[in-house]
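User: I would like to learn how to read the relation between two copies of a chain, and then the surface along which they touch. Could you take me through it step by step?

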Protein chains: 2
Amino acid sequence: MSSKEDTRSFREAWVSFILDLQNRICNVMEEIDGKEKFLSESWGREGGGGGLTRVIAGGNFLEKGGVNTSVVEGMVTEPMRTQLKIDGHSWFAAGLSLVLHPLNPYVPTTHANWRYFELYDTDGQVIDRWFGGGSDLTPYYLFTDDARHFHSTLKTALDPFGKERYPAYKKWCDDYFSNTHREKEMRGIGGIFYDHLRPTANADIDFLMAFQRASAEAFLPAYLPIVHKRLGHPYGPLELEWQEIRRGRYVEFNLLHDRGTLFGLKTNGRTESILMSLPPRARWGYKYEPKAGSPEAALLDACKHPRQWI
Amino acid sequence: MSSKEDTRSFREAWVSFILDLQNRICNVMEEIDGKEKFLSESWGREGGGGGLTRVIAGGNFLEKGGVNTSVVEGMVTEPMRTQLKIDGHSWFAAGLSLVLHPLNPYVPTTHANWRYFELYDTDGQVIDRWFGGGSDLTPYYLFTDDARHFHSTLKTALDPFGKERYPAYKKWCDDYFSNTHREKEMRGIGGIFYDHLRPTANADIDFLMAFQRASAEAFLPAYLPIVHKRLGHPYGPLELEWQEIRRGRYVEFNLLHDRGTLFGLKTNGRTESILMSLPPRARWGYKYEPKAGSPEAALLDACKHPRQWI
């Protein structure tokens with residue numbers, strides 16, 4: 001395993017990368033929004049580290065959004081041992097996590113996360129390390145072109161690191177972002193999701209860092225063209241109601257199934273930063289079903305039956 | 001333990017009671033509403049039994065509500081053994097569960113549940129039996145008189161069964177309906193909550209049945225006068241926004257902490273009946289805080305610091 005100095009500079013390179021990407025993402029979103037800015041809030045964590053929460057609300061483009069980085073470390077606690085099966089003395093984690101809820105129901109909600117984790121023994125030597133993350137899309141109306149564009153941009157970014165990655169991580173995403181209590185209806189139309197990518201003989205930690213950067217750099221080119229294409233689409237109260245219903249499913253997934261949300265809330269994480277992922281508005285009706293043959297039903301069908309978009 | 005015939009007629013008496021109460025509650029709510037009616041939907045459960053879901057939406061008084069009964073039985077499954085610590089061969093459960101979300105933010109949301117459970121050995125002999133339930137109030141604006149009326153009506157109903165019950169079940173309710181991830185902020189201003197009330201030397205099963213009926217019969221007199229008093233209160237978009245914020249907390253409690261909801265969803269329960277408890281509209285803002293000294297802040301203070309209303 002690498003020396004302490006090596007891993008320190010590796011960590012620092014990753015931290016610089018996510019702070020810079022956070023900045024770039026916020027800047028481009030503000031530019032499109034034209035009205036509201038991201039507020040910045042730094043916080044510290046008992047036990048070590050902290051984060052930079054950047055949130056926006058009430059914009060022309062973004063009704064609510066958060067683009068957060070956190071760089072934290074601590075001792076391995078009992079809930080980490082039992083719930084996360086993490087076996088070590090101390091740990092370090094740094095990641096960028098974002099959720100953007102546009103106002104216009106024709107512009108999809110999106111979520112992305114890229115994280116790096118290190119685990120140490122009592123001497124501070126790295127005994128385990130991995131990358132995890134991905135990007136996914138939650139449209140309210142289905143445009144096949146948009147779904148293809150989002151998925152193929154991610155695929156193109158991942159392919160240089162092995163052609164097997166996109167199909168595997170696409171399926172992982174479909175399986176993960178699934179409301180199992182609603183017959184596995186997906187939250188949206190997926191993207192990619194992966195976790196515990198550890199260095200191997202064929203893919204050392206530098207290779208994985210390059211992969212992770214490529215995955216993260218693919219987010220803006222995957223999402224922005226869809227925003228530009230749909231932002232001017234007219235909508236009314238019916239589209240907003242449907243958006244709220246689908247956002248209710250988003251809330252259900254995040255509060256019932258999302259491992260990061262549940263782990264954070266149960267281990268004394270920063271509630272407001274964790275729940276920044278929740279949509280501004282949501283709605284629930286009893287057995288709400290869109291009309292057969294409607295655009296709303298077409299979206300629902302794509303959520304119920306994962307498709308190969310490419 | 002009692003003979004099979006005795007327990008069968010005991011079960012039947014309880015089932016008749018909850019079906020009749022369901023009917024009475026729906027009738028009086030429809031009368032107040034004046035516009036919408038409760039729809040009825042019967043469902044059967046694989047493994048035994050079923051239920052009668054009664055839901056209303058879009059009314060003058062009730063924006064969304066459900067008053068559900070279920071009478072179900074089955075074999076003890078692995079999740080029941082591990083998660084509910086239930087040790088037996090088969091079981092029976094019958095209960096009434098209601099959640100009413102009024103449109104007017106000055107009328108509180110309310111929830112109540114009264115249930116009876118029996119556990120059997122391989123010979124079908126009753127080896128355990130208990131009652132559970134309670135009623136609680138989730139106002140959006142605080143009227144001390146209303147809180148006192150709600151709590152004292154429940155206390156008056158419970159006192160004949162032991163003066164220790166109301167204070168104990170009031171505290172149980174405050175502790176249970178708590179968003180532990182938000183510094184134990186309560187969902188509302190409580191009421192009563194109790195579970196696993198088993199027959200003892202001083203309180204046999206008939207005594208407990210009388211107690212449970214008294215608890216259930218106290219619901220309408222506890223809630224209705226508040227509805228009549230506040231239904232005409234004028235409101236605007238600001239009150240609706242605050243109502244939606246508080247309803248967001250309601251969603252958080254039900255999806256993150258409510259044992260019944262989580263157990264039902266994880267054991268293949270009927271999702272739409274379980275989630276009928278969710279509000280029609282909800283809202284989330286980042287670090288949303290009411291203005292100091294406002295009526296909204298007064299309500300929040302009562303949720304953060306449980307009070308003795310009587």
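User: By what turn and what shift can chain A be laid on chain B?

Analyst: The general idea is to superpose one copy on the other and then read the turn and the shift along the axis. In this predicted model, chain A is laid on chain B by a turn of 180° with a shift of 0.0 Å along the axis, and the RMSD is 0.0 Å. The two copies are therefore related by a two-fold axis.

User: Which C-alpha of chain A is nearest the axis?

Analyst: That of A:Ala282, which lies 2.6 Å from the axis. The residue belongs to a strand that also takes part in pairing, since E10 of chain A covers 281-283; three bridges join E10(A) to strand E10 of chain B, residues 281-283, and the two strands run antiparallel. One of the pairs is A:Arg281, whose bridge partner in E10(B) is B:Arg283.

User: How many residues are in contact between the chains, and which elements give two or more of them on the side of chain A?

Analyst: Here one counts residues whose C-beta atoms, placed from the backbone, lie within 7 Å. On that basis 23 residues of chain A are in contact with 23 residues of chain B. On the side of chain A, two or more residues come from each of strand E2 (49-57), helix H7 (237-257), helix H9 (271-274) and strand E10 (281-283), and H7(A) gives the most, with four residues.

User: How do the residues on that side divide by character?

Analyst: The side of chain A that touches chain B divides into 14 nonpolar, three polar and six charged residues. The same surface serves both copies, as 100% of the contact residues of chain A recur in chain B.

Terms used. Residues numbered from 1 in each chain as written. Chains lettered and ligands numbered in written order. Predicted model: local features only at pLDDT ≥ 70, side-chain atom pairs only at ≥ 80, totals over all residues. Nonpolar A, V, L, I, M, F, W, Y, C, P; charged D, E, K, R; others polar. Pairing = 2+ DSSP bridges. Least-squares fit on C-alpha atoms with pLDDT ≥ 70 in both.
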